[in-house]
Amino acid sequence: MSLRVLPEILINRIAAGEVVERPGAAVKELVENAIDAGATRIEITLRDGGKSFIAVGDNGCAMSADELTLAVKRHATSKLDGDDLTHIETLGFRGEALPSIGAVSRMTVTSRKVGCEEAFAIAVEGGRVTGPAPAALGRGTRVEVRDLFFATPARLKFLKTDRTEFAHAQDAVTRLAMAHPEIGFTLSDGDRQRLNLTAAQADLFEGRRQRLAQLFGADFAADAVAIDATREGLRLSGFAGLPTAARRTADRQYLFVNGRPVRDRLLVGAVRGAYADVLARDRHAMVALFLEAPSAFVDVNVHPAKTEVRFRDAGLVRGLIVGAIRHGLAGAGVRTASSVSDAALGAFRQGGVVSGQTAWSGHGGGHLPRGHTGRGLAEAAAAFQAPLRGESGFQGLGAPEAPVPFGDGPGQAEEGMRDVESYPLGAARAQLFDTYIIAETHDGMVIVDQHAAHERLVYERIRSAMVTDDNGDGDGNGGGGVARQILLIPEVVELEPGAAERLTARADELAALGLLIEPFGDGAVVVRETPALLGEVAVEGLVKDLADEIETLGEGRALSERLENVCATMACHSSVRAGRRLTGAEMNALLREMEATPNAAQCGHGRPTLVHLNRTDIEKLFGRR
Ligand SMILES: Nc1ncnc2c1ncn2[C@@H]1O[C@H](COP(=O)(O)OP(=O)(O)OP(=O)(O)O)[C@@H](O)[C@H]1O
Ligand SMILES: [Mg+2]
């Protein structure tokens, strides 16, 4: 074969290979062009998932006949000023999308500038250009793409079902629409309108909230904290989902850099890092985050489809993201996702309370339904009457207890009742199954899983104590460290062979966590002090479990790497675990602690530690609303 320069048509087809890999990619390019053209309204139609037909119409600045001729030429763009690639403010800049699409399809571009007498259309079929010629169009630009990939049959074979291809296109539109709430979008599959997003009239922040609600329902923003942080000229804003609203897949992670949707490893990694403490590895937070940076800080010219970027200072970006999300979540305090309450309400309903009204109608009024659901309700009813009959399994508190802070005795119980409203988690009213605390808040009720909550408190407290151990000696006591309490009688714990050595080898690390142990002869340790925040501790069980934990950890890795597990182990052996009766004062103390602790609304694995039911929800259950 001889060495030759490829003909233009072939060059464009090769370029099309990377720029338009599927119908959704063509849609993305065309919508980006419309956005760059300043459109306020963009209408998109696909047929057969975009395989047979794509149309994108806009009301943007449009093109003259001469401009149309240039627009479908390779490397022709109106978006680069001079020869500077460091200040790109538009979505497009490569001058490749239209010629690439035209090289592999039958494309027509029709356009009419404002004030122009007539519209012009140019056609490109498999790379061959005809026109421009006069045409009919109100204003703006309309691009129609038929038979995508007819000229490259190999690519056709790689396309998925119409449904899947449509979903890809919808995803592309969704992402661009999120970044531009000021633009109205419609998306149709030829038969049905699948998206109808009206332009938001509000400011950017509120506009984004509205757009997110249009796209994902009101829950998305309701179950998220608003983020707005700046660092050295960078700004991060948007919404970060509550851990309790996390999902099994990362499909609701939307990241934008200067209005450009990106799928960037660095950004995704930073989000993961920000949630590391509050989410299990296989859970993914929902986020919609917008990073604004000076254009010179970002290199967008690293990927043909422009979905990846490089940052001049990746560390700065990561720091901003991790810091802003963590701060936002910590500020969320004891909020959990509304879906958690909804699930609880749903369970109540299934339990026969609401839907039961219809279920009961067949039984003649007043009869409880039979079977499981009915029993659940009957049990609940019995439980609520239990204290009156003096039965166990339920602890009624009689007179309302005051919310008392940790350490204060029940002596202060009488005062402060009027303050209940000022406490987000309200006042404890009862304990169920020795496991759940029921509290009344100013606008509803809260059910707290005392064990999960306590585990979270222990973790957060130990973690913050370790972080503030700033004199660096690792003893945990330098900067206020994990406070220890001295055991009146030191406890000797016999261990399996090898376990005692493993434990004592980590005596310093354990001391930093508040546990003071020393070797005690062969195969035993003596425990002298325990973490104060655990309260009364079952020392033997704790030490044995920690020995197991250390064994699975392996040598050479710090206990703090598995702080989550270590803290969970500790919390398991403290006095506030599931299955223990708590006094009213203890319950209130736990609630107050939760309010004061960041991320207290979920345990370390993103499970909720509490469920909140609004008064209105409760009233709905009983048909009062
Ligand atoms: N909808 C439109 N309204 C007005 N002008 C358009 C529109 N679509 C394309 N153009 C013009 O055609 C040119 C070429 O578009 P094309 O998408 O091929 O390249 P680009 O947007 O400049 O860069 P990229 O290849 O990165 O998208 C644009 O620079 C713009 O001037
Ligand atoms: Mg473009």
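**Exercise 1. Work out which residues N258 touches in this predicted model, setting aside its neighbours within four places in sequence.**

Solution.
- Start with the location: N258 sits in the loop that runs between β11 (253–257) and β12 (260–262).
- Now list the partners. Beyond the four-place window, N258 is in contact with L291, E292, A293, S295 and V298.
- Pick A293 from that list and check the backbone: the C-alpha atoms of N258 and A293 are 6.5 Å apart, though 35 residues separate the two along the chain.
- Is N258 buried, exposed or partly exposed? Its relative accessible area is 31%. Buried would need under 20% and exposed over 50%, so N258 counts as partly exposed.

**Exercise 2. Decide whether T141 is buried or exposed, and find the polar partner of its side chain.**

Solution.
- Place the residue: T141 belongs to strand β6, which covers residues 140–146.
- Look at the accessibility. T141 comes out at 7%, so it goes down as buried; the cut-off here is under 20%.
- Next, go through its surroundings. Leaving out neighbours within four places in sequence, T141 contacts V56, G57, D58, A62 and M63, along with V109, T110 and S111.
- One of these, S111, gives the polar partner: the side chains of T141 and S111 make a polar contact of 2.8 Å.

**Exercise 3. Describe how helix α9 packs against helix α10.**

Solution.
- Recall what to report: two packed helices are described by the angle between their axes and the distance between the axes.
- Read off both values. For α9 (residues 265–275) and α10 (residues 314–331), the angle is about 35° and the axes lie 8 Å apart.
- Add the handedness: α9 crosses α10 in a right-handed sense.
- Then name the residues that do the touching. From α9 they are L266, L267, G269, A270, V271, G273, A274 and Y275. From α10 they are A314, V317, R318, I321, V322, I325, R326 and L329.
- Finally, sort them by character: the contact of α9 with α10 has twelve nonpolar residues, two polar and two charged.

**Exercise 4. Sum up the protein as a whole: its secondary structure, burial, contacts and surface.**

Solution.
- Count the elements: the protein has 20 helices and 23 strands.
- Take burial next. Of the 625 residues, 48% are buried.
- Turn to the contacts with a separation of 6 or more: 68% of them are between residues 24 or more positions apart.
- Finish with the surface. The accessible area is about 29600 Å², and carbon and sulfur atoms contribute 52% of that.

Key
Residues numbered from 1 in each chain as written. Chains lettered and ligands numbered in written order. Predicted model: local features only at pLDDT ≥ 70, side-chain atom pairs only at ≥ 80, totals over all residues. Heavy atoms only, no water. Axes fitted to C-alpha atoms, helices over the stretch in contact; angles between N-to-C directions. Helix = DSSP H or I, 4+ residues; strand = E, 2+ residues; numbered from the N terminus. Left-handed = near helix turned anticlockwise from the far one by under 90°. Contact = heavy atoms within 4.5 Å. Nonpolar A, V, L, I, M, F, W, Y, C, P; charged D, E, K, R; others polar. Buried < 20%, exposed > 50% of the residue type's maximum accessible area, 1.4 Å probe, protein only. Areas by Shrake-Rupley, 256 points an atom, 1.4 Å probe, with all protein chains shown as cover. Polar contact = N/O pair within 3.5 Å; in protein donor to acceptor, adjacent residues only side chain to side chain.
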